[in-house]
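Welcome! Here is a short set of exercises, each followed by a worked solution. Keep the sequence and the 3D view open as you go.

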Amino acid sequence: MGAYVNPIYPYKSPADLMSTPPQRKPLIVIGAGPVGLAAAIDARLQGLEVLVLDDDKTVSVGSRAVCYAKRSLEILDRLGIADEACGLGVSWNIGRTFLEEDEVYQFNLVPDAGHKRPGMINLQQYHVEEMLIARALELGADIRWQHKVTAVTPHDAHATLTVETPEGTFDIEADWLVVADGARSPIRRHLGLDIEGRVFQDRFLIADVIMKADYPAERWFWFDPPFHPNQSVLLHKQSNNVWRIDFQLGWDADPEEEKKPEKVIPRLKAMLGDERPFELEWVSIYTFQCRRMTDFRHGRVLFAGDAAHQVSPFGARGANSGFQDADDLMWKLALVIKGQASEKLLDTYAHDRQFAADENIMNSTRSTDFITPKSRTSKTFRNQVLALAKHHPFARKLVNSGRLSVPSFLTGSVLNTPDVDAFEGNMVPGAPMDDAPVQVNGQDAWLLNQVGKGFQVMLFADAPPSPEVLAQLASCRSAPPCANEPVQVTPLIVTSSPLNIPGMTVVVDTQGLVAKRYDAQPGTSYLLRPDQHVLARWRSLDSAQLQAALARALGQVGELA
């Protein structure tokens with residue numbers, strides 16, 4: 001057994017960035033954590049130059065963000081690291097909740113088959129960051145370590161940054177600035193921007209423990225276990241025989257005292273109940289909060305991830321919602337930078353992700369209130385629910401040991417075109433797309449791997465479309481006065497059996513799951529966002545409706561025009 005050793009990334013002289021007057025970059029990202037790196041990778045995939053500034057020279061210390069949900073894995077698939085992450089991480093779908101020693105509730109995150117990715121993987125944040133850094137560098141992102149941004153001055157058409165390095169301080173300008181510098185966000189504080197919400201009065205001990213154990217790859221949560229009475233404990237298996245254990249301590253616990261090995265080790269021995277050898281890799285004490293900025297966009301400065309919003313760790317909503325922030329932001333920012341959409345499109349990033357943050361905060365607050373009740377009444381209710389859940393199925397739905405992260409359905413987005421036809425199922429305008437197995441050119445594949453590279457129209461067909469329909473599909477693009485190059489919509493044909501349609505990508509719905517999940521029949525069509533969300537859907541393709549939906553999605557008509 002041995003603890004993880006953090007890599008040290010090389011410092012590069014800023015001489016090439018220093019100039020008078022300051023250089024102007026099209027896009028700068030502050031923070032080389034998971035969210036900032038995801039934004040940088042996405043920028044490069046869309047052909048944008050990106051400079052990443054980080055005040056450190058390594059990845060995070062300790063496991064920190066541990067659980068990466070199915071939607072995040074689908075985003076990481078598009079970014080190019082999901083296979084590596086899933087290969088190293090511990091996949092799981094089952095979670096169990098215990099009262100004392102008895103199991104009272106369990107859930108399955110992916111109850112039906114036919115999805116490429118599991119409900120969750122557990123993987124230490126430092127591994128994910130290493131993978132993201134390697135991918136960003138592979139794609140040509142310029143990452144500068146030990147470059148600390150000490151000041152940001154917003155202007156109408158750019159922002160000026162003051163950067164401190166071992167060789168001195170310099171100024172640099174950014175047409176657009178993405179701030180992903182974490183929960184304490186020095187930039188948010190420097191700009192005097194608000195962040196409001198609740199801070200919960202409880203403390204938890206995190207211990208990353210290296211040990212060999214045969215516990216299953218599941219999420220285990222205990223209320224009032226005999227090895228830690230009157231409190232709660234959470235257990236996750238991670239890669240390389242590292243186990244993440246969270247012990248509730250109570251608000252009165254002394255953080256510095258509780259981190260000492262002589263306090264941690266007896267807790268672990270009481271829990272494990274045997275003499276197996278283990279090694280402490282990392283220990284930390286945390287309190288938690290549920291809060292967000294009022295507005296994620298401030299002119300040319302855009303906030304993402306923990307810099308914009310924070311939730312308690314119960315439910316794994318932090319990094320997962322941060323990846324969705326980057327996923328929503330970057331296709332919109334790319335269109336604006338390329339002159340293919342008005343910068344008003346970025347207002348929808350703030351609106352949609354603020355809605356998602358509110359949803360996450362609501363669920364996280366409910367989980368935290370159940371886990372750490374702060375009144376006699378709420379504790380009595382919690383304990384009665386747990387007692388009933390042992391014997392009565394209806395009560396199990398009330399047990400809340402952390403409702404786990406699911407993607408937000410952006411049904412209120414102004415970019416959506418409301419339904420005019422009747423549909424069943426979940427794939428409403430604003431929904432994140434469901435995956436399903438398909439075949440492409442006779443090879444097994446997955447639906448989501450065929451989308452996410454721009455705007456696409458997905459047409460269901462049981463025979464080659466007519467020349468008129470093919471012409472409609474091929475001609476759908478943004479109209480003037482939108483910019484330099486029009487935005488092209490790429491067709492994707494979904495069939496139940498192989499069809500040869502020259503110039504079109506055809507996917508075969510081998511198990512009928514695409515049609516089932518999208519309530520599709522021949523002629524059904526869906527307009528899809530670059531971040532794999534549904535924009536619009538119809539029972540038959542109409543070029544005028546498709547063109548109008550694209551214009552709405554680009555902010556050319558409707559509330560943004």
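A residue is called buried when its relative accessible area is under 20%, exposed when it is over 50%, and partly exposed in between, using a 1.4 Å probe and protein chains only. This is a predicted model, in which local features need pLDDT of at least 70 and side-chain atom pairs count only at pLDDT 80 or more, while totals for chains, interfaces and linings use all residues. Residues are numbered from 1 along each chain as its sequence is written, and side-chain values use heavy atoms, with hydrogens and water left out.

**Exercise 1. Describe the surroundings of helix H2 (residues 70-79).**

Step 1. Recall how elements are named: helices (H or I, at least four residues) and strands (E, at least two) are DSSP runs, numbered from the N terminus.

Step 2. Check burial. In H2, 10 of its 10 residues are buried, and the helix is mostly covered. Among them are Leu 73, Ile 75 and Leu 76.

Step 3. Look for the cover. Contact means heavy atoms within 4.5 Å. The elements that cover the buried residues of H2 include helix H1 (34-45), strand E3 (67-69), helix H3 (82-88), E7, helix H4 (125-138) and H8.

Step 4. Look past the end of the helix. Gly 80 follows H2, and its phi is positive, near 105 degrees.

**Exercise 2. Find the salt bridges made by Arg 71 and Asp 77, and say what each one connects.**

Step 1. Set the rule: a salt bridge is a side-chain nitrogen of Lys or Arg within 4 Å of a carboxyl oxygen of Asp or Glu. Searching the whole structure gives 34 salt bridges.

Step 2. Take Arg 71. Its side chain meets that of Asp 327 in a salt bridge, at 3.2 Å from N to O. Arg 71 belongs to helix H2 and Asp 327 to helix H8 (residues 318-337), so this pair ties together parts that are 256 residues apart in sequence. Both Arg 71 and Asp 327 are buried.

Step 3. Take Asp 77. Its partner is Arg 117, with 3.0 Å from N to O. Because Asp 77 sits in helix H2 and Arg 117 in the loop between strand E6 (102-108) and strand E7 (120-122), the pair ties together parts that are 40 residues apart in sequence. Asp 77 and Arg 117 are both buried.

**Exercise 3. Study the salt bridge between Arg 529 and Asp 531, then trace a network.**

Step 1. The closest N and O atoms of Arg 529 and Asp 531 are 2.7 Å apart.

Step 2. Arg 529 has 1% relative accessibility and so counts as buried. Asp 531 also counts as buried, because its relative accessibility is 1%.

Step 3. Now follow shared partners. Salt bridges join Asp 42, Lys 70, Arg 71, Glu 74, Arg 78 and Asp 327 into one network.

**Exercise 4. Which residues line the two cavities?**

Step 1. Start with the idea: rolling a probe the size of a water molecule over the atoms shows where empty space is left. On a 1 Å grid over the protein atoms alone, a cavity is a set of points where a 1.4 Å probe fits but cannot get out; a pocket is an open set with protein on both sides within 12 Å along at least five of seven lines; lining residues have an atom within 4 Å of a point. Grid points are joined across faces, edges and corners, and a volume is the space filled by probe spheres set on the points.

Step 2. The whole structure has 2 cavities of 30 Å³ or more. The largest holds about 70 Å³ of space, and its lining includes Arg 71, Asp 327, Arg 529, Asp 531 and His 533. H8 gives the most to this lining, with 3 residues.

Step 3. The second largest cavity has a volume of about 30 Å³. Glu 74, Asp 77, Lys 116, Asp 435, Leu 448, Asn 449 and Gln 532 line this cavity.

**Exercise 5. Where does H2 appear in the second largest pocket?**

Step 1. This pocket holds about 570 Å³ of space. Of its 23 lining residues, the closest to the centre are Lys 70, Leu 109, His 115, Pro 407 and Asp 434.

Step 2. H2 supplies the largest share of the lining, 3 residues. H2 and helix H13 (513-517) each supply at least two.
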